[in-house]
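Me: I'd like a close look at one part of this chain, the place where its helices pack together. Take me through the contact step by step, then follow it outward into the rest of the fold.

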Amino acid sequence: MALEKIKQGWHNITHREKSQAYNDNGDSESTARWGWLLIPIVLLGLALVVLGCYWSFTPTLFNVSARTEAALVEYERKSVVGAATTVSLITVADTLLNKPGGYLSNDVTPPSLWLDNMPHWEYGVIIQVRDMSKAMREAFSRSQSQSLEDENLATAESRFNFNNDSWLFPATEKQYREGITHLNRYLQRLADPADKNAQFFARADNLRYWLSTVETRLGNLSQRLSASVGQQRINTDLAGDSVASQATPAPGDDFVKTPWLEIDDIYFEARGSAWALIHFLRAVEHDFADVLEKKNALVSLRQIIRELEATQYRIHSPMILNGSGFGLWANHSLVMASYISRANAAIIDLRELLAQG
């Protein structure tokens with residue numbers, strides 16, 4: 001009887017150990033299975049992060065003169081007024097679409113979906129592209145206000161003014177590429193000596209027209225960048241005119257501050273806008289050289305370019321900092337605002353020089 005109890009006890013122990021071993025083996029296999037499924041997910045996530053970082057690098061500056069010479073070689077022309085401005089506009093728009101990652105503002109898939117710095121950089125660029133295409137249609141290509149506008153430039157401007165974040169039906173990229181196509185057609189006609197309808201008039205009043213738009217754009221960016229730390233501003237909307245009025249009453253003293261989540265967005269928008277402007281101003285230096293020399297304004301233009309080039313310096317921080325004005329930490333928005341403001345002030349002086357006889 002005792003021997004039977006011992007055998008039964010031993011059987012129960014061994015059976016329990018086998019069951020436990022079977023369960024442990026099953027759990028291990030299940031854990032291993034989930035581990036193998038988790039590895040590719042983690043690797044995919046890391047790959048998307050690395051790809052997103054790579055796509056967030058802003059393009060470098062290109063050589064406007066070299067691009068213009070290459071374009072004119074294709075049409076067997078050594079020089080033609082307006083070619084540098086047209087080529088720079090084409091190249092800036094083309095870079096917007098063909099940089100690493102392509103055009104990201106309308107993407108709906110990772111990693112573009114998570115990125116916000118590059119889309120705002122793209123927005124700053126496209127704003128300058130729209131302003132330049134408008135100036136070319138309304139001023140640079142017309143001898144006077146009653147003259148006909150160029151059809152290619154008119155179509156190009158309408159394409160660049162298309163919604164900047166349309167994903168489909170139609171996609172933004174398609175509209176912008178059509179704009180580039182019409183600019184290329186205009187350039188081809190401009191380089192053709194037999195085509196008298198495609199013109200580019202390098203006059204002081206035309207240049208002042210475009211610079212007035214640039215002035216307002218930079219002034220807007222400067223104010224938004226400066227508001228990163230908050231400012232108590234006095235309302236000067238009606239200053240200088242005793243009988244001036246406005247539609248809606250506004251407070252005489254107001255506190256203005258950029259929301260914390262929008263600080264880096266405005267910074268990269270300003271960086272993109274300045275990047276495009278550098279190329280357009282370099283093209284203007286080439287096409288309007290005679291006008292600028294006559295007005296003794298060439299040095300002023302080069303100073304504007306130098307101020308804007310400072311906005312393209314490498315950022316040595318993983319994020320845009322928003323320290324106080326004289327605090328321990330840097331304030332990248334205020335630094336950017338200082339360069340933008342100095343460039344804007346120089347543009348005002350340049351417009352005054354061009355207005356003089």
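Reply: Helix α8 passes α11 in a left-handed crossing. The model is a predicted one. The contact draws on I263, Y267, A270, R271 and A274 from α8. On the α11 side it uses H332, S333, M336 and I340. By class, six of the contact residues are nonpolar, two are polar and one is charged.

Now the geometry. α8 covers residues 263-287 and α11 covers residues 332-355. Their axes come within 10 Å and cross at roughly 30 degrees. Angles under 35 degrees count as roughly parallel, so α8 and α11 are roughly parallel to each other.

Look next at S333, one of the α11 residues in that contact. S333 has a relative accessible area of 2%. The cut-off for buried is under 20%, so S333 is buried. Beyond its neighbours within four places in sequence, S333 is in contact with L225, S228, I263, Y267 and L321. I263 and Y267 belong to the α8 side of the contact. L225 falls within the span of another helix, α7 (residues 204-226).

α7 is the next partner to follow. α7 and α11 pack at an angle of about 155 degrees, with their axes 9 Å apart. Angles over 145 degrees count as roughly antiparallel, so α7 is roughly antiparallel to α11. The crossing of α7 over α11 is left-handed. The residues of this contact divide into 17 nonpolar, seven polar and three charged.

Step back to the interior. The largest nonpolar core has 79 residues. F140, F160, W210, L292 and L308 have the most contacts inside it. The largest share of this core comes from α8, with 14 residues. In general, nonpolar side chains of soluble globular proteins tend to be buried together.

L292 shows how the pieces meet. L292 falls within α9 (289-294). Not counting residues up to four places away in sequence, L292 touches L207, V284, E285, A297, L298, L301, L350 and L354. V284 and E285 are within the span of α8, while L350 and L354 are within that of α11. L207 is within the span of α7.

Close to L292 in sequence is N296, in the loop between α9 and α10 (298-309). N296 is not a glycine, yet its phi is positive, about 55 degrees. Its relative accessibility is 63%, so N296 counts as exposed.

α7 has a second neighbour to inspect. A139 is placed in helix α4 (residues 117-140). A139 is buried, with a relative accessible area of 7%. Leaving out residues up to four places away in sequence, A139 touches N206 and Y209. Both N206 and Y209 fall within the span of α7. A139 and D205 are 66 residues apart in sequence, but their C-alpha atoms are 8.6 Å apart in space.

α4 leads on to the loops. N164 sits in the loop between α5 (151-160) and α6 (172-190). At 17% relative accessibility, N164 counts as buried. Sequence neighbours within four places aside, N164 is in contact with Y103, S105, N106, Y123, R130, T172 and Y176. Of these, Y123 and R130 are within the span of α4, and T172 and Y176 are within that of α6.

The loop that holds N164 also holds P170. A cis peptide bond joins F169 and P170, with omega about -15 degrees. Another cis bond joins P110 and P111, where omega is about -5 degrees. P111 lies in the loop between α3 (83-98) and α4.

One more backbone point concerns E76. E76 is in the loop between α2 (64-74) and α3. Phi of E76 is near 60 degrees, a positive value in a residue other than glycine. E76 is exposed, with a relative accessible area of 74%.

Finally, the whole chain. It has 11 helices and two strands. Along the sequence they follow the pattern α-α-α-α-α-α-α-β-β-α-α-α-α. Buried residues make up 41% of the 357 residues. Of the contacts between residues at least 6 apart in sequence, 75% join residues at least 24 apart.

Technical notes: Residues are numbered from 1 along each chain as its sequence is written. This is a predicted model: local features need pLDDT of at least 70, side-chain atom pairs count only at pLDDT 80 or more; totals for chains, interfaces and linings use all residues. Side-chain values use heavy atoms; hydrogens and water are left out. Axes are lines fitted to C-alpha atoms, for helices over the stretch in contact, and angles run from 0 to 180 degrees between N-to-C directions. Helices (H or I, at least four residues) and strands (E, at least two) are DSSP runs, numbered from the N terminus. Angles under 35 degrees count as roughly parallel, over 145 as roughly antiparallel, 65 to 115 as roughly perpendicular and the rest as oblique. A crossing is left-handed if the near helix is turned anticlockwise from the far one by less than a right angle, and right-handed if clockwise. Contact means heavy atoms within 4.5 Å. Ala, Val, Leu, Ile, Met, Phe, Trp, Tyr, Cys and Pro count as nonpolar, Asp, Glu, Lys and Arg as charged, and the others, Gly among them, as polar. Buried means under 20% relative accessible area, exposed over 50%, partly exposed in between (1.4 Å probe, protein chains only). A nonpolar core is a set of buried Ala, Val, Leu, Ile, Met, Phe, Trp, Tyr and Cys residues joined through side-chain atoms within 4.5 Å.
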